[in-house]
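Here is a quick walk through one model, with the sequence and the coordinates side by side. Have a look at the cysteines, the aromatic rings and a few backbone oddities.

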Amino acid sequence: MFSSKTTQIFFKNIFSSHFITHRILFFQSSNFTLRNFKPNLFQLMPYVNFSPSYHTSSEKSTSPSILSKIIKYNPKQFPSTFFSNLIVTGIILSIPVDLLYTWYQNRCNEYLLNETMEKGTRPQIDIFTEEFVPRPDIVNSLKKIFKPNKYHSCYYMICGEHGTGKTTLTKIASKEVGQGVIYINIPKKFNTLENFGVAFEEAINFTFKEHVAFSKKILSNINDNKIYKEKYGKPPIIIYDNISQLIPKYSDIIDYLQDNAKDNADDGNFISVFVCNENSVPRRMEMRSAWSRAKKPVIEIGDLSEKESMKYLINKRKIKKEEAKKLYELVGGRIVELKEVADDFISGQSFEVIKDSKLIKVEKRFKAAKLLQDQSNYEIGKRLIKVLLDSKEINTDVFREYFKDDKYNEILEANVFTYHPSRDTVTFQSKLTECYIRKNANIFIS
């Protein structure tokens, strides 16, 4: 596990133009100097207590050459002395081969990256036809972002609540554009920094022993590579999907990625696109100076409209109109919720059973936010809920008047309310949340 200080130092240099492979790092850690290295046996001898022929006579008397060690031997010591020197000599002679292998490996990596940038990573879209709801307007908007002009100088944020389809739509757009688009999917179970390197490996279908070092190499090469831009007249795109997975344990990585996104947008090297949920990442990025280079307003992918939702339930899931209407009124246009209630209904569960099951989950969120009766945030939350029921959304500054300081983040993280960076407003997290409140009107409204 990396310490916080180690993590900061590592990612502070993650985009530097100098890449040192794990083999060269081994030599450096062993006090081996590569600065003036030449694959010459006599230059290597001092590192194993050898003395080259150009040393002074006094040096010869204290540090005999390898030949004198072998020739002027004690017969009793010959086996151990000879084989020890033979092993050391073999190790030294293997160093140029090792460096040649390292150079070859790096050249292969550079070629692979250039080829990837030429073709694009074209991510696979794992979704069944009957579950897919096409949203051509959003896809076309994303495709325009993924085809920047030569002088483009900003980075992007695409955000939306869990289950709105932002990952699927981003994949579709990046696959259709193809050329120059590198799509990186941050693992959902992000436990170590090594996972960050694995994400890059999966993106370009390549396996490397040093995952983190290889991710450094990729980002460094994208940073320094001008060939693609000169050839096609536009910078490449790098998409960081599910970037919210880094919160909170590796939040400093997000800071470095954001700083790098700003610097490379300024220089026109490449354009970064961050895909995330609506709460933690946008709020963190907005507080930093690098936010000045973010494209505004933020691109927000919301729920399906009522028309789109009904079309999905009736045409794709084959649910009768009357029942489809009730399911929509319960969960709204959140595609992941629509899919779940449709699955449950088709499996034979009654609407009332489905409704009770969903509302129990919402109640757990209210409990986590301490908004239930006899909890610390109940009275303040009750006043806010009444305002939101009437106005549907409020300005973020108004929301802060209800929940100040640390409670502001605590309440938003509980997923009862949602922050919308594109409008700088707060609403209920979903239609299901509002449904729970109205069912419990005696607690929250009266």
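## Ground rules and cysteines

Let's pin down burial before anything else: a residue is buried under 20% relative accessible area, exposed over 50%, and partly exposed in between, using a 1.4 Å probe and protein chains only. Keep in mind that this is a predicted model, where local features need pLDDT of at least 70, side-chain atom pairs count only at pLDDT 80 or more, and totals for chains, interfaces and linings use all residues. Residues are numbered from 1 along each chain as its sequence is written, and side-chain values use heavy atoms, with hydrogens and water left out.

With that cut-off in hand, Cys154 comes out as buried because its relative accessibility is 12%. Cys276 is buried too, at 1%. How many disulfides does the structure hold? Zero, where a disulfide means a pair of cysteine sulfur atoms within 2.5 Å. For Cys276, the closest cysteine sulfur belongs to Cys159 and sits 5.6 Å away, so that gap is too far for a bond.

## A stacked pair between two strands

On to the rings. A pair of aromatic rings is described by the distance of the centres and the angle of the planes. Rings of Phe, Tyr and Trp (its six-membered ring) pair if their centres lie within 6.5 Å; planes under 30 degrees apart are stacked, over 60 edge-to-face, and the rest tilted. There are ten aromatic pairs in the structure. One of them is Tyr240 with Phe274, which counts as stacked because the centres are 5.4 Å apart and the planes meet at 15°.

Where do these two rings come from? Tyr240 belongs to strand S3 (residues 237–241) and Phe274 to strand S4 (residues 271–276), so the pair ties together parts 34 residues apart in sequence. Helices (H or I, at least four residues) and strands (E, at least two) are DSSP runs here, numbered from the N terminus. Tyr240 is buried at 0% relative accessibility, and Phe274 is buried with a relative accessible area of 0%.

## An aromatic cluster with an arginine

Phe399 and Phe417 make an edge-to-face pair, 5.6 Å centre to centre with 65° between the planes. Phe399 sits in helix H19 (residues 396–402) and Phe417 in strand S7 (residues 417–420), so the pair links distant parts of the chain, 18 residues apart. Both Phe399 and Phe417 are buried.

This pair has company: Phe399, Phe403, Tyr408, Phe417 and Phe428 form one aromatic cluster. Arg400 lies over the face of Tyr408, 3.8 Å from the ring centre. A charge sits over a ring if NZ of Lys or CZ of Arg is within 6 Å of the ring centre and within 35 degrees of the ring normal.

## Backbone oddities in the loops

Two cis peptide bonds are worth a click. Ile247 to Pro248 is cis, with omega near 0°, and Pro248 is in the loop between S3 and helix H12 (251–267). Lys296 and Pro297 are also joined by a cis bond, omega about 0°; Pro297 is in the loop between helix H13 (280–286) and strand S5 (299–300).

Then there is positive phi outside glycine. Arg122 has phi of about 45°, in the loop between helix H6 (78–119) and helix H7 (136–145); at 40% relative accessibility, Arg122 is partly exposed. Lys370 has phi near 60°, in the loop between helix H17 (351–368) and helix H18 (378–391), and is partly exposed at 36%.
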